[in-house]
Amino acid sequence: MNRTLAGILLASAAMAMPTAAFSKTFVYCSEASPEGFDPSHYTAGTTFDASAHPIYNRLLDFRPGTTEIIPSLAERWEVSPDGKAYTFHLRKGVKWHSNETFTPTREFNADDVIFTFERQGDPKNPWHEYLPGTSYEYYHSMEFDTLIEAIERVDDHTVRFKLSRPEAPFLSTVALHFTSIMSKEYADQLQQLGRQPDFNTQPIGTGPFKFVAYQQDAAIRYQKNPDYWGEKAKVDDLLFAITPDAAVRLQKLRSGECHLMPYPAPADIEGIKADPQLKLEEEAGLNVGYLAYNTQMAPFDNPKVRKALNMAMNKQAIVDSVFLGGAQPAKNPIPPTMWSYNDRVVDDPYDPEAAKKILEEEGVRDLKMKLWAMSAQRPYMPNGRRTAEIMQADLAKVGVTAEIVSFEWGEYLAKSMEPGRDGAVILGWTGASGDPDNFLSVLLTCAGAGSGGANRAFWCNEEFSSLVAEAKVNADMGARTRAYEKAQDVFKKEAPWFTIAHSTQYVPMRKEVEGFVVSPLGDYTFETVDLAE
């Protein structure tokens, strides 16, 4: 980190509360560091907030505050009668960002769309493995590698996706973060210079803000994009002040060092409501927190053992002491606010004596396991460590010794994907669209259970995956709902997770903040925010 860059970042922080007619700076106290700035490689909301939203655009997007799909880089689209071809008509006049080493010579076109998708799906593409040790987790989990047969360049501003089968949630998936459109011209230049890693550290996009600088684990600075094709951002500078501790984030918010923060500690909610300098937005979260067993390793490969462990842990105690009432116990892998939620499912009861008996019947004695505790706060898990401690104490009562382990957030996500991972991992998910497929397909099907997938339980159940596949190819909402409901029955019977909670989303901000839209998808976006004079 050079002193000049550090000075820029510190100067931006100092301008958080401008009083003169200088540039208007908005400071967001984010909860963790991004894994990188190429969103196709990651699934964490922290990373998407820092990359996909300010820097990039997608063909389609979601209307702020809703799950409604709206045009973005594609102005309109058409679907073939058989549902196996989607034609996108691209927006003209969209300009790419520039930086110290790159000045674009052309505007956004079809070549960028094709490059964005092909580099993820084609192992022979020179950009497929430019980041060693990473994968296209979302792309594989959504089965795009088998779904997309070809992408045709009809002309500069028209592309046609040819699919191997009908795909009901295709449009909502195309609006997800991992499909953020990247500059092929920028990639070509970096490849010629032998600087491919810059693609992930010096991002170029078409979004409302331009990336300026990143100080590892400290701050990210963006500037308003004056050439943005849509409505221009209302603030001139955007600063992410990376602040992992919720208490410190709140302290900074109260002192005016930042304007808005995510994921307050549940114990602080009433104090925030009473503070005259602050205001609090809240909304039911489209999320789920869970504990995923490694179902490929004994004894967690036995559904009866998983059921017994679920019955050993007091879910209500976790909701009461960790979420402090700001959540409801979860019994399904999708939240109750989502269509196709199966309310007929009966949750596993808290019954330590029955759990102990089942473990004995299955020959499980003196079990020792790892219990992975999240280090970062997320909407679905305000305190991973405290949650793990409650689980640890409950498991000890049935003769199970659980060792709590934790890592830095990026490392936690990477290590929890390793197939040989011991024990069970606390994690969760906030829906990136309003479609159940974004939960069930990504997190629990066989497609996501292999290398590079998002299925942290490594659970591959053919009946479950077939039901999800049946729902995906059917355009009839009633038929899709019935298939998803049956899939939730299978999930509950097989118990690859201990479902924990669906939490309320709280967003504290200073009184002078205007225009921030709370998203049911858990996104933090700032192109509409402003500061009252």
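This passage describes two sheets, several helices, the cavities and the largest pocket of a predicted model.

One open sheet is built from four strands in the order β4-β5-β7-β6, and its pairing is antiparallel. Strands β4 (74–79) and β6 (148–155) stand at the edges with a single partner strand each, so one side of each has no neighbour in the sheet. On average, neighbouring strands of this sheet are turned by 20 degrees against each other, direction ignored. Strand β4 is joined by five bridges to β5 (residues 85–90), and the two run antiparallel. Within this pair, Val 79 stands opposite Tyr 86 of β5. Helix α4 (residues 110–121) packs on the sheet, where α4 touches β5, β6 and β7 (158–163). The direction of α4 makes about 170 degrees with that of β6.

A further open sheet of four strands has the order β1-β10-β9-β8, and its pairing is mixed. Its edge strands are β1 (25–28) and β8 (209–215), each of which pairs on one side only. Here too, direction ignored, neighbouring strands are turned against each other by 20 degrees on average. Six bridges connect β8 with β9 (residues 219–224), and these strands run antiparallel. Ala 213 stands opposite Arg 221, a residue of β9.

Helix α4, which packs on the sheet of β5, β6 and β7, also meets helix α8 (residues 184–193). The axes of α4 and α8 come within 8 Å and cross at roughly 65 degrees. On the side of α4 the contact is made by Asp 111, Asp 112 and Phe 115, and on the side of α8 by Lys 184, Glu 185 and Ala 187. Divided by class, this contact has four charged residues, two nonpolar residues and no polar ones. The loop between α4 and α5 (137–141) contains Pro 123. With a relative accessible area of 59%, Pro 123 is exposed, because the cut-off for exposed residues is over 50%. Pro 123 and Glu 35 are 88 residues apart along the chain, and their C-alpha atoms are separated by 22 Å.

Helix α17 (residues 437–444) is largely enclosed by the rest of the structure, because eight of its eight residues are buried. These buried residues are Asp 437, Asn 438, Phe 439, Leu 440, Ser 441, Val 442, Leu 443 and Leu 444. Among the elements that cover them are the helices α5, α18 (462–472) and α19 (477–494). The cover also includes the strands β12 (287–293), β16 and β17.

Empty space inside the model was examined next. Rolling a probe the size of a water molecule over the atoms shows where empty space is left. A search of the whole structure finds six cavities of 30 Å³ or more. The largest cavity holds about 260 Å³ of space. Its lining consists of 27 residues, and those nearest the centre are Thr 43, Ala 44, Gly 45, Trp 429 and Thr 430. At least two lining residues come from each of α2 (45–50), α5, α16 (409–415) and β16 (424–430). Strand β16 gives the most, with four residues. By class, the lining of the largest cavity has 15 nonpolar, seven polar and five charged residues. Strand β16 thus appears both in this lining and in the cover of α17.

The second largest cavity has a volume of about 160 Å³. Of the 13 residues that line it, Pro 264, Pro 379, Pro 382, Thr 504 and Tyr 506 lie nearest its centre. Strand β17 (residues 497–510) supplies the largest share of this lining, four residues. The lining of the second largest cavity divides into eight nonpolar, four polar and one charged residue.

The largest pocket has a volume of about 660 Å³. It is lined by 32 residues, and the closest to its centre are Asp 61, Phe 62, Pro 64, Ile 70 and Glu 527. The elements that give two or more residues to this lining are β2 (60–62) and β3 (69–71). By class, the lining of the largest pocket has 15 nonpolar, ten polar and seven charged residues.

Definitions and conventions: Residues are numbered from 1 along each chain as its sequence is written. This is a predicted model: local features need pLDDT of at least 70, side-chain atom pairs count only at pLDDT 80 or more; totals for chains, interfaces and linings use all residues. Side-chain values use heavy atoms; hydrogens and water are left out. Two strands pair if DSSP finds at least two bridges between them. Axes are lines fitted to C-alpha atoms, for helices over the stretch in contact, and angles run from 0 to 180 degrees between N-to-C directions. Contact means heavy atoms within 4.5 Å. Buried means under 20% relative accessible area, exposed over 50%, partly exposed in between (1.4 Å probe, protein chains only). On a 1 Å grid over the protein atoms alone, a cavity is a set of points where a 1.4 Å probe fits but cannot get out, and a pocket is an open set with protein on both sides within 12 Å along at least five of seven lines; lining residues have an atom within 4 Å of a point. Grid points are joined across faces, edges and corners, and a volume is the space filled by probe spheres set on the points. Ala, Val, Leu, Ile, Met, Phe, Trp, Tyr, Cys and Pro count as nonpolar, Asp, Glu, Lys and Arg as charged, and the others, Gly among them, as polar.
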